[in-house]
Amino acid sequence: MSLPEPAPTDASLASPAALPDVARNLALVRERIAEACARANRPAGSVTLVAVSKFHPAEAVAAALAAGQEHFGENRVQEAAGKFPPLRAAHPALRLHLIGALQTNKARDAVRVADVIESLDRPRLAAALAAAMTQDGAREAPGGGRRPRLLVQVNTGEEPQKAGVARDAARGFLRACREEHGLSPEGLMCIPPAGEDPVPHFRFLAELAAAEGLATLSMGMSGDYEAAIACGATHVRVGTAIFGAR
Ligand SMILES: *Cc1c(COP(=O)(O)O)cnc(C)c1O
């Protein structure tokens, strides 16, 4: 008895090169997160995995959604706005994090598309986000009435080319967000300098969050998310280890 041949599939979607084994990669990352939580005596589930899908097609995101992934990260508003609204319609639990440097003139689109904006880092952007979220008299809020959660990005390595508020300016900026812009950032985000030990950066961010009473710490990427969990990360942003090289 011979089995029927499997139906041919669309090679552009099904080939391993175009779509790495997202489900298997996700399972491995989740396992390593659980182990890192256990080593740090932290409850399983105290870390949210944000799957960073920038430059990867909607099919890759769909494969992750099918494997139970709900939080995704994108760097660019434009790319996120093209990829996510159709997926969101089919998956109401989907949550989109914007994690890239954000131009002030994209604030309105960012508010419309994102559930979390992790890259709030300067007063003009705070003002633009606040304006996008606020109703102006008879006019509708330009952001469609949405209020994404906000994290302040800190440039812990003081790198001139990198987004983020300077270490010394972070507390003043948080105060200005609250008092001048009516925003309530819920936590902090950082991207340590490439090629450096990230741990001192993670520790700095954790101490700053504790001093400010902020509950959310977004830190750790494919190469260092376990170290970040040991330092208290509540959100890790993992791209390559899930979706493959970009
Ligand atoms: C691309 C990116 C990530 C994911 O990096 P990987 O090394 O691919 O895991 C995380 N955070 C930010 C801000 C990014 O831009």
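This text walks through a predicted model, from its ligand site to its helices and salt bridges.

Start at the ligand. The residues around it are Val-52, Lys-54, Asn-75, Ile-99, Ile-191, Met-221, Ser-222, Arg-237, Val-238, Gly-239, Thr-240 and Arg-246. Look at how three of them meet it. A polar side-chain atom of Lys-54 lies 2.7 Å from an oxygen atom of the ligand. Arg-237 also brings a polar side-chain atom, placed 2.8 Å from a ligand nitrogen atom. Gly-239 uses its backbone: an N or O atom there is 2.8 Å from an oxygen atom of the ligand. On its own, the ligand would expose 390 Å², and the protein buries 90% of that.

Stay with Lys-54 for a moment. Find it in the loop between strand β1 (48–52) and helix α3 (58–66). Lys-54 is buried, yet it has no salt bridge. How far away is the nearest side chain of opposite charge? That side chain belongs to Glu-74, and the distance is 8.4 Å. A salt bridge needs the nitrogen and the carboxyl oxygen within 4 Å, so this pair does not count as one. Even so, Lys-54 touches Glu-74. Its other contacts, leaving out residues up to four places away in sequence, are Gly-73, Asn-75, Glu-79, Lys-83 and Arg-246. Two of these names should look familiar: Asn-75 and Arg-246 are also among the residues around the ligand.

Now move to His-97. It sits in strand β3, which spans residues 95–98. Is His-97 buried or exposed? Its relative accessible area is 1%, so it is buried. The side chain of His-97 makes a polar contact of 2.8 Å with the side chain of Glu-118. His-97 also touches Gly-73 and Glu-74, along with Val-50, His-71, Phe-72, Val-116 and His-235. Gly-73 and Glu-74 appeared before, as contacts of Lys-54.

Next comes helix α6, residues 123–133. Which of its residues are buried? They are Leu-125, Ala-126, Ala-128, Leu-129, Ala-130, Ala-132 and Met-133. These buried residues pack against two helices, α5 (107–113) and α7 (170–179). They also pack against two strands, β4 (116–120) and β5 (149–155).

Helix α9 covers residues 225–230, and Ile-229 lies in it. Ile-229 counts as buried because its relative accessibility is 0%. What does Ile-229 contact, leaving aside neighbours within four places in sequence? The answer is Ile-33, Ala-36, Cys-37, Ala-40, Arg-42, Val-47 and Val-236. Compare Ala-215, which is 14 residues from Ile-229 in sequence. In space, the C-alpha atoms of Ile-229 and Ala-215 are 14 Å apart.

Charged pairs come next. Side chains of opposite charge can pair when their charged atoms come close. This structure holds 11 salt bridges. One of them joins Arg-32 to Glu-226, with the closest N and O atoms 2.4 Å apart. The pair links distant parts of the chain: Arg-32 is in helix α2 (residues 22–39), Glu-226 is in helix α9, and 194 residues separate them. Arg-32 counts as partly exposed, at 38% relative accessibility. Glu-226 is partly exposed too, at 22%.

A second salt bridge connects Asp-115 and Arg-88, with the closest N and O atoms 3.0 Å apart. Here, too, distant parts of the chain are linked: Asp-115 is in the loop between α5 and β4, while Arg-88 is in helix α4 (residues 77–90), 27 residues away. Asp-115 is buried, at 15% relative accessibility, whereas Arg-88 is partly exposed, at 22%.

Arg-122 and Asp-121 form another salt bridge, 2.9 Å from N to O. Arg-122 is partly exposed at 27%, and Asp-121 is buried at 13%. Salt bridges can also share partners: Arg-32, Arg-39 and Glu-226 are joined this way into one network.

Finish at Glu-196, in the loop between strand β7 (187–189) and helix α8 (199–212). Glu-196 is partly exposed, with a relative accessible area of 45%. Its side chain joins that of His-201 in a polar contact of 2.7 Å. Gly-157 is 39 residues from Glu-196 along the chain, and their C-alpha atoms are separated by 9.3 Å.

Terms used:
Residues are numbered from 1 along each chain as its sequence is written. This is a predicted model: local features need pLDDT of at least 70, side-chain atom pairs count only at pLDDT 80 or more; totals for chains, interfaces and linings use all residues. Side-chain values use heavy atoms; hydrogens and water are left out. Helices (H or I, at least four residues) and strands (E, at least two) are DSSP runs, numbered from the N terminus. Buried means under 20% relative accessible area, exposed over 50%, partly exposed in between (1.4 Å probe, protein chains only). Lys and Arg count as positive and Asp and Glu as negative; His and the chain ends are not counted. Contact means heavy atoms within 4.5 Å. A residue is near a molecule or strand if one of its heavy atoms lies within 4 Å of it. A polar contact is a pair of N or O atoms within 3.5 Å; within protein, one must be able to donate a hydrogen and the other to accept it, and residues adjacent in sequence count only if both atoms are side-chain atoms. Accessible areas come from the Shrake-Rupley method with a 1.4 Å probe; for residues, only the protein chains shown count as cover.
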